Amino acid sequence: MKKIVYSLVALLAFSCSLASCSDDDDNNINYSTTAEKGAAGTYTGTWKQTEDGTTDTSTCEGTITLTATDSINCVDVTFNAPDFEINATSVANITHAQHGFVLNNNVDTNPLAAAFTGKIDENGNLCVNFMKQRRVGRKQYTFFFVFEGKKN
């Protein structure tokens with residue numbers, strides 16, 4: 001079971017790293033500064049939640065806010081998905097990569113209680129995903145979350 005879960009998380013992380021080229025030369029990424037300052041801002045978009053073992057997906061509107069810290073290549077990431085009861089701030093590593101930025105926190109003991117990865121493309125589109133377990137009564141459920149949004 002763990003192998004399947006880890007494979008699904010890896011697949012989600014890989015799918016967010018794919019980007020296609022476009023004719024749009026409007027570049028919302030600031031490369032003249034450090035990664036944490038260039039990516040800082042509020043990203044508004046759609047959260048998707050899928051329970052492990054099902055194909056049912058729920059969606060809600062929400063935000064992710066990246067705030068530059070005093071540490072180089074670190075940002076505070078604030079997750080906000082009210083319908084999914086997600087409201088947490090965690091630190092993440094961030095760096096310039098592939099005409100945008102990549103960010104991650106590989107420790108699941110952070111305030112979000114989940115390891116997460118994300119990518120910001122050259123047009124300011126953010127995709128973040130993570131897996132989170134929740135206990136309801138005696139049963140534990142595993143959910144996969146994906147956020148896709150654009151910088152305001």
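**Entry 1. Methionine 131 and the last two strands**

I looked up methionine 131 and found it opposite phenylalanine 144 in β8. The model I was reading is a predicted one. I then traced the pairing around this position: strand β7 covers residues 125-136, strand β8 covers residues 139-151, and the two run antiparallel over twelve bridges. Along this ladder I also noted valine 128, which faces phenylalanine 147 in β8. I followed the chain from β7 into β8 and recorded a hairpin with two residues between the strands. Glycine 137, in that turn, has a positive phi of about 65°.

**Entry 2. Alanine 115**

I next asked which residue sits 7.3 Å from methionine 131, C-alpha to C-alpha, while 16 residues away in sequence. That residue is alanine 115. I located alanine 115 in the loop between β5 and β6, the latter spanning 116-120. Is alanine 115 buried or partly exposed? Its relative accessible area is 31%, so I entered it as partly exposed. I listed its contacts beyond four places in sequence; among them are Asn105, Val107, Asp108, Asn129, Phe130 and Met131.

**Entry 3. β6 against β7**

I moved on to strand β6, which pairs with β7 in the antiparallel sense over five bridges. Phenylalanine 116 has phenylalanine 130 of β7 as its bridge partner. The link between β6 and β7 is a hairpin with four residues between the strands. In its turn I found glycine 124, with a positive phi of about 85°.

**Entry 4. Phenylalanine 79 and the core**

I wished to know which residues touch the most other members of the largest nonpolar core. They are Trp47, Phe79 and Phe130, in a core of 28 residues. I noted the general tendency in soluble globular proteins for nonpolar side chains to be buried together. I examined phenylalanine 79 more closely, leaving aside neighbours within four places in sequence. Its contacts include Trp47, Ile64, Ile86, Leu112, Phe116, Val128 and Phe130. Across the strand pairing, phenylalanine 79 stands opposite alanine 88 in β4.

**Entry 5. Strands β3, β4 and β5**

I recorded strand β3 as residues 74-81 and strand β4 as residues 86-97, antiparallel over eight bridges. Four residues separate them in a hairpin. Glutamate 85 belongs to the loop between β3 and β4. I noted that its phi is near 55°, a positive value in a residue other than glycine. The relative accessible area of glutamate 85 is 70%, and because the cut-off for exposed is over 50%, I counted this residue as exposed.

On its other side, β4 pairs with strand β5, residues 100-105, in the antiparallel sense over five bridges. Alanine 97 faces glycine 100 in β5. I found two residues between β4 and β5 in this hairpin, and glutamine 98 in the turn has a positive phi of about 45°.

**Entry 6. Asparagine 73**

I looked for asparagine 73 and found it in the loop between β2, residues 57-68, and β3. Asparagine 73 has a phi near 65°, again a positive value outside glycine. I entered asparagine 73 as partly exposed, its relative accessible area being 32%.

**Entry 7. Cysteines**

How many disulfides does a search of the whole structure find? I recorded zero. I checked two cysteines for burial. Cysteine 60 has a relative accessible area of 4% and is buried. Cysteine 74 comes to 16% relative accessibility; because buried means under 20%, I counted cysteine 74 as buried too.

**Entry 8. The whole chain**

I then stepped back to the overall arrangement. The protein chain holds two helices and eight strands. Read along the sequence, both helices precede the strands, in the pattern α-α-β-β-β-β-β-β-β-β. I followed the strands around and found that the eight close into a barrel, in the order β1-β2-β3-β4-β5-β6-β7-β8, with antiparallel pairing. Neighbouring strands of this sheet are turned by 30° against each other on average, direction ignored.

Finally, I entered the totals. Of the 152 residues of the protein chain, 37% count as buried. Among contacts with a separation of 6 or more, 46% join residues 24 or more positions apart. The chain exposes about 8,700 Å², and carbon and sulfur atoms supply 51% of that area.

Notes
Residues numbered from 1 in each chain as written. Predicted model: local features only at pLDDT ≥ 70, side-chain atom pairs only at ≥ 80, totals over all residues. Heavy atoms only, no water. Pairing = 2+ DSSP bridges. Disulfide = S-S within 2.5 Å. Buried < 20%, exposed > 50% of the residue type's maximum accessible area, 1.4 Å probe, protein only. Axes fitted to C-alpha atoms, helices over the stretch in contact; angles between N-to-C directions. Contact = heavy atoms within 4.5 Å. Core = buried A, V, L, I, M, F, W, Y, C linked by side-chain atoms within 4.5 Å. Areas by Shrake-Rupley, 256 points an atom, 1.4 Å probe, with all protein chains shown as cover.
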